[in-house]
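This briefing gathers computed features of one predicted model, grouped by topic for a reader who has the sequence and the coordinates at hand. Please read the points below alongside the structure.

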Amino acid sequence: MSFRKVMHNFFLLLFLFVSTAAWSPLHAQTDFSLIMDRIRTGFTTGTVASHDNSVTTILSTQATNGSWPDINYADQSQTNWQPGIHWDRISLFARAYSRVGSSYNGSTVLRQAIINGMNYWLSLSPAPTSTNWYMLSISLPENIGNALVAMRYGSQPISNELETSLIAWMVKGLPITQSPAKDGSNLTDVAQHYVARACLTQNQTLLQQTISLVSNSLVITGNNGGNIGEGLQADNTFTAHGPQLYLYGYGTELVSGVSNIANYVNGTSYAFPADKIALLSNFVRGSYLKATRGMYHDFNAFNRQISRPNDGKPNQ
């Protein structure tokens, strides 16, 4: 996510938190609907024309069975995992199908392409897998969750049976209570698709547990016998992989993830406590923004991320 988008979501969170501070909590059923509305709104942002052009190109290459010939579905790579491309494309289709203003909004052709793609994925045997835990624990369930939420808003949703089968894929990765899924900013990445799944299944317990885990993770990490813990520090910095400065990279994921989730649940009975929002705000204002001048960022704050092409460039 770009720096500009992260900051947009953060300041939106602060605005909503202040403006809804006096609201009464909503009932659980209304909470699910409101949260899912916000997930869908965040998912369907961006330029309509650009998205539609991408859909047109990708749709023309999809096989009749719902697959794509340029994807190696048996790939298990640590990075650039090819099966994940399948769901990048399905989620793009779902976004266009449910988006007002898209030329594909309500398209029966695109809906069938989405269903074909979903069914093809479910038919794969052996099931796709990767040597990188991230793919099945964060990337894939996020795409599936976004697609399923978007399809709920389409003119003709998919069947309950198909949706249920795909929701089962959202829990094939590591649980949010197990390392590395529970560590640092990984927690907020996993939590975002947990929130989507809780709304899709109307599971109050899952939603409350997820929000509590994220909220409780917003603490100042103590210094244990000279060993600096990972996470937010007393001087408003952020560390990961031991005492390594990581304002950006993992720090950005923290700001992005917490801002997204807090925006989803703001004004509901699951809203974050004020002291947790204040802690995030202190980090952003106290160091995260101070390592930026204009659209340039201090490369020292990126850690290993500085080795990746284009990271740290203006407008990132």
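**Charges over aromatic rings**

- Lys-172 is placed over the face of Trp-169, at a distance of 4.8 Å from the ring centre.
- A second such arrangement involves Arg-197, which lies over the face of Tyr-194 at 4.6 Å from the ring centre.

**Aromatic pairs and an aromatic cluster**

- Across the whole structure, the search for aromatic pairs returns 10 of them.
- One of these pairs joins Phe-238 and Phe-283, whose ring centres are 6.1 Å apart and whose planes stand at 50°; the pair is classed as tilted because that angle is neither under 30 degrees, as stacking requires, nor over 60, as an edge-to-face arrangement requires.
- Phe-238 belongs to strand S4 (residues 238–240) while Phe-283 belongs to helix H11 (residues 274–288), so this pair ties together parts of the chain that are 45 residues apart in sequence.
- Both rings belong to buried residues, because the cut-off is under 20% relative accessible area, and Phe-238 has a value of 4%, whereas Phe-283 has a value of 1%.
- Phe-238 and Phe-283 are also members of one aromatic cluster, which they form together with Tyr-248, Tyr-288 and Phe-302.

**The second largest pocket**

- Phe-238 appears again in the lining of the second largest pocket, where the other lining residues are Gly-184, Ser-185, Ser-217, Val-219, Thr-221, Glu-230, Gly-231, Leu-232 and Leu-254.
- Two elements, helix H8 (184–201) and strand S3 (231–232), each give two or more residues to the lining of this pocket.
- The space in the second largest pocket comes to about 160 Å³.
- By residue class, the lining of the second largest pocket divides into four nonpolar residues, five polar residues and one charged residue.

**The cavity**

- How many cavities of 30 Å³ or more does the structure hold? There is one, and the volume of the largest cavity is about 30 Å³.
- The residues that line the largest cavity are Val-48, His-51, Asp-52, Leu-92, Arg-95, Ala-96, Arg-99 and Ser-102, and the elements that give two or more residues to this lining are H3 and H4.
- The lining of the largest cavity consists of three nonpolar, two polar and three charged residues.

**Backbone geometry**

- As a general background, most peptide bonds are trans, and most residues other than glycine have a negative phi.
- The peptide bond that leads from Ser-125 to Pro-126 is cis, with omega near 5°, and Pro-126 sits in the loop between helix H5 (108–123) and helix H6 (133–152).
- Ser-179 and Pro-180 are likewise joined by a cis peptide bond, with omega at about 0°, and Pro-180 has its place in the loop between helix H7 (160–167) and H8.
- Asn-80, a residue other than glycine, has a positive phi near 50°; Asn-80 is located in the loop between helix H3 (48–59) and helix H4 (83–98).
- Is Asn-80 buried or exposed? With a relative accessibility of 70%, Asn-80 counts as exposed, because the class begins over 50%.
- Asn-236 also has a positive phi, of about 70°, although it is not a glycine, and Asn-236 is found in the loop between S3 and S4.
- The relative accessible area of Asn-236 is 24%, so Asn-236 is partly exposed.

**The chain as a whole, and one long-range proximity**

- The protein chain contains 11 helices and seven strands, and buried residues make up 50% of its 316 residues.
- Among contacts in the protein chain with a separation of 6 or more, 70% are accounted for by residues that are 24 or more positions apart.
- Ser-212 and Ala-271 illustrate a separation in sequence set beside a distance in space: they are 59 residues apart along the chain, and their C-alpha atoms are 9.8 Å apart.
- Ser-212 itself is found in helix H9 (residues 204–217), and with a relative accessible area of 27% this serine is partly exposed.

Technical notes. Residues are numbered from 1 along each chain as its sequence is written. This is a predicted model: local features need pLDDT of at least 70, side-chain atom pairs count only at pLDDT 80 or more; totals for chains, interfaces and linings use all residues. Side-chain values use heavy atoms; hydrogens and water are left out. On a 1 Å grid over the protein atoms alone, a cavity is a set of points where a 1.4 Å probe fits but cannot get out, and a pocket is an open set with protein on both sides within 12 Å along at least five of seven lines; lining residues have an atom within 4 Å of a point. Grid points are joined across faces, edges and corners, and a volume is the space filled by probe spheres set on the points. Helices (H or I, at least four residues) and strands (E, at least two) are DSSP runs, numbered from the N terminus. Ala, Val, Leu, Ile, Met, Phe, Trp, Tyr, Cys and Pro count as nonpolar, Asp, Glu, Lys and Arg as charged, and the others, Gly among them, as polar. Rings of Phe, Tyr and Trp (its six-membered ring) pair if their centres lie within 6.5 Å; planes under 30 degrees apart count as stacked, over 60 as edge-to-face and the rest as tilted. Buried means under 20% relative accessible area, exposed over 50%, partly exposed in between (1.4 Å probe, protein chains only). A charge sits over a ring if NZ of Lys or CZ of Arg is within 6 Å of the ring centre and within 35 degrees of the ring normal. Contact means heavy atoms within 4.5 Å.
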